[in-house]
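Reader: Please take one strand of this model and describe it closely, with its pairing partners and how well it is covered. After that, add what can be said about the sheet in the other chain.

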Protein chains: 2
Amino acid sequence: MEHISGGVCAAKGFKASGVHCGVRKNRTKRDLSMIFSEVPASAAAVYTQNLVKGAPIYVTQRNIADGVAQLALCNSGNANTCNADGEAVAWQMCQLAAEASGVKPEDVIVASTGVIGQPLPIEPIARGVKPLFEALSADGSHDAAEGIMTTDTRLKEVAVSFSVDGVTCVLGGIAKGSGMIHPNLATMLVFLTCDAAISPAMLRKALSEDVKDTFNMVSVDGDTSTNDMVSIMANGLAGNKLIDSEGEAYDAFCAALNEVTSTLCRMIARDGEGASRLLTCEVRGAKTLKDARLCAKSVVCSSLFKAAVFGADANWGRVLCALGYSGAELNVAAVDVTFRSSAGSITVCSMGSSVDFSEELAKQILLEDEVEVLITLRDGEASATAWGCDLTYDYVKINGDYRT
Amino acid sequence: MEHISGGVCAAKGFKASGVHCGVRKNRTKRDLSMIFSEVPASAAAVYTQNLVKGAPIYVTQRNIADGVAQLALCNSGNANTCNADGEAVAWQMCQLAAEASGVKPEDVIVASTGVIGQPLPIEPIARGVKPLFEALSADGSHDAAEGIMTTDTRLKEVAVSFSVDGVTCVLGGIAKGSGMIHPNLATMLVFLTCDAAISPAMLRKALSEDVKDTFNMVSVDGDTSTNDMVSIMANGLAGNKLIDSEGEAYDAFCAALNEVTSTLCRMIARDGEGASRLLTCEVRGAKTLKDARLCAKSVVCSSLFKAAVFGADANWGRVLCALGYSGAELNVAAVDVTFRSSAGSITVCSMGSSVDFSEELAKQILLEDEVEVLITLRDGEASATAWGCDLTYDYVKINGDYRT
């Protein structure tokens, strides 16, 4: 497996584009994106578990119930959520995309992201969708990634090539996500494309399994979004033998999927609203996988520990505190905690108690851009990793006045 | 029932004191507090559900297993948590209090609050406990309340008088709590005193029921502390007939208890680390009490909504979002949201969708010190209230470098 350029257009037969259509007032920011497959593709998606769901979620669910899609359309600047006419507007978006492209409206993955509870005007999208389709290009991944950004400060795209039965396939994706990030079975907006041939059923299975270890293990602020969606289209143009059961080819596909999604997870956490540091928590030696995940996620979710990381304060007591309320089973008296970064590694807690350590070195380690917390339990063999970021003044600033 | 002065000393036979002993380096801050009953009292307590528990929690649990206590001793500046010798030190504290006071060491409620994971030196406490006992006074509630404060900016004390079978009784308390506030069946440090005669079993029952609607409905930052404890001593000196079963007298006691604890809850939330506003969320019309509590607590816990309140931004979409991921059963299309304060009242969401409202008036309402969010569901008859605060730059500042 190898990382390559091209993002969501890296896989054969996929083009993308992003334009400014006017949903946002800021005229320099692209706010409408399209991803197009030359041929109908196997499709799957996972969605937010929030009971308050964006209208596009319901429309996309219906559209890809048959496991097929060919085009994704997404606007930023307005989430089309909590609007009485929301589903009608989302379906109009599918029809507009269909008219412009010749794709069936039921083969459109539709998404919106931005402010909740403000009606989404269809006019800017009606005006923008034709230029958007005409702008489709094999170099369009950047533009599409920009068109779905909200408070994101960095573009998020990634692609890998991998081999299935000796045939080279490519899987790539783009993502947006910076705040309201605390996924529950799905998260943020992520569009993945792949040229491998894989049945809708196996694609669904691969995606559902993968998110448990990837997007479900990211948290920026503990708020589960209303519009989270991870979608994937696999169009088969690589020419591999159709993957329709478990086995070596399916495993190769899942490994590529995991490489792409875990890379996007790190990008999303690193670009958390206001974040100055990427925080990774790795838990080893847990009794069960569930316990490992609960522990890792609890640490990256703790406001107190996140503020300490912002201050480069080696306040490991807050790590123990977060483990204690995580809901995981653990033997507190057998916990080790180590902080690690490019500046070095330091154990700050051993067997659940304080150890002497150099505050100076600890501070150096925590001042780096990427900080890892390694937790060793002595309860079993399970491990898990979660990603988050520090809690900063800028998070408060960004969210103190987001709408205006 | 009537609010009276005197805090934790308002009830007959209780004295209190607070001194500086040296656990803290700041020599002007009291850091050791004592509450003393002239006679042994019925006692009960509820404790943090965090698996990582402060050492004093274990010692207090053992000491009041028999339902009797006579003295409470608490230091601030060090939580005595995650220390290998923690329980031995906590028990030494009981013995020192016993030597100074003549009370049995097993009748001491012991508590510590402050930094986790630093050994608690016994010397300052050994030096301080005698002057502390000698300083006991019926006017000592203020000093005791100050001695247990950490990042708190306000003293928290309250007392009420009430009638049981025609006999006037008094129930009062002091509390500390400002950060790491997200109780789970118990919270923070709260010491309650009462002169009513009530059996340990009924006292335990009253306290356990009460915290579900009071301390368990407060959140400052989503972090459940390791040292949370709410304790109560009731010494019977009011002269009422012993309350040893349910009935009118028990109900009068529970009403007084609820008045004191809910007042302390508001004080704690209002004094949340960095808080500029008290945020109260009242949910009505929920299907079950559990749903009502989940909804109310989810709203006051949402980092995004808390930041919006700081910015006086009427971002009600974040309220809907928090209801959606609360875990409660609700019909999203039947939700109303109203913001209220001394500046007025404004409905911002009706039947789950946006309504036209004056942004100007909404801002005025949200700029007040105390802001209420009223949520009407149309799923049933249950209601609940939760307390929290806004998320501010100062929260990040306070917690970015707490230890040094």
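Author: In this predicted model, strand S6 of chain A, residues 157–164, is mostly covered, with six of its eight residues buried. S6(A) has an antiparallel pairing with strand S1 of chain A (residues 2–4), made through three bridges. Within that pairing, Glu2(A) has Ser161(A) as its bridge partner in S6(A). S6(A) is also joined to strand S7 of chain A, residues 167–176, by eight bridges, and these two strands run antiparallel. Ser161(A) appears here as well, standing opposite Val170(A) in S7(A). The connection from S6(A) to S7(A) is a hairpin with two residues between the strands. Asp165(A), in the turn, has a positive phi of about 50 degrees.

Turning to chain B, six strands there form an open sheet with mixed pairing, in the order S13-S12-S11-S14-S10-S15. The edges are taken by S13(B), residues 353–354, and S15(B), residues 382–389; each has a single partner strand, so one side of each is left without a neighbour in the sheet. At the S13(B) edge, the pairing with strand S12 of chain B (residues 344–350) is antiparallel and spans two bridges. Ser350(B) has Ser353(B) in S13(B) as its bridge partner. Towards the S15(B) edge, helix H6 of chain B, residues 248–270, lies across S15(B) and strand S10 of chain B (278–286). The helix runs at about 40 degrees to S15(B).

Terms used: Residues numbered from 1 in each chain as written. Chains lettered and ligands numbered in written order. Predicted model: local features only at pLDDT ≥ 70, side-chain atom pairs only at ≥ 80, totals over all residues. Pairing = 2+ DSSP bridges. Helix = DSSP H or I, 4+ residues; strand = E, 2+ residues; numbered from the N terminus. Contact = placed C-beta atoms within 7 Å. Axes fitted to C-alpha atoms, helices over the stretch in contact; angles between N-to-C directions. Buried ≥ 20, exposed ≤ 12 C-beta atoms within 10 Å, placed from the backbone.
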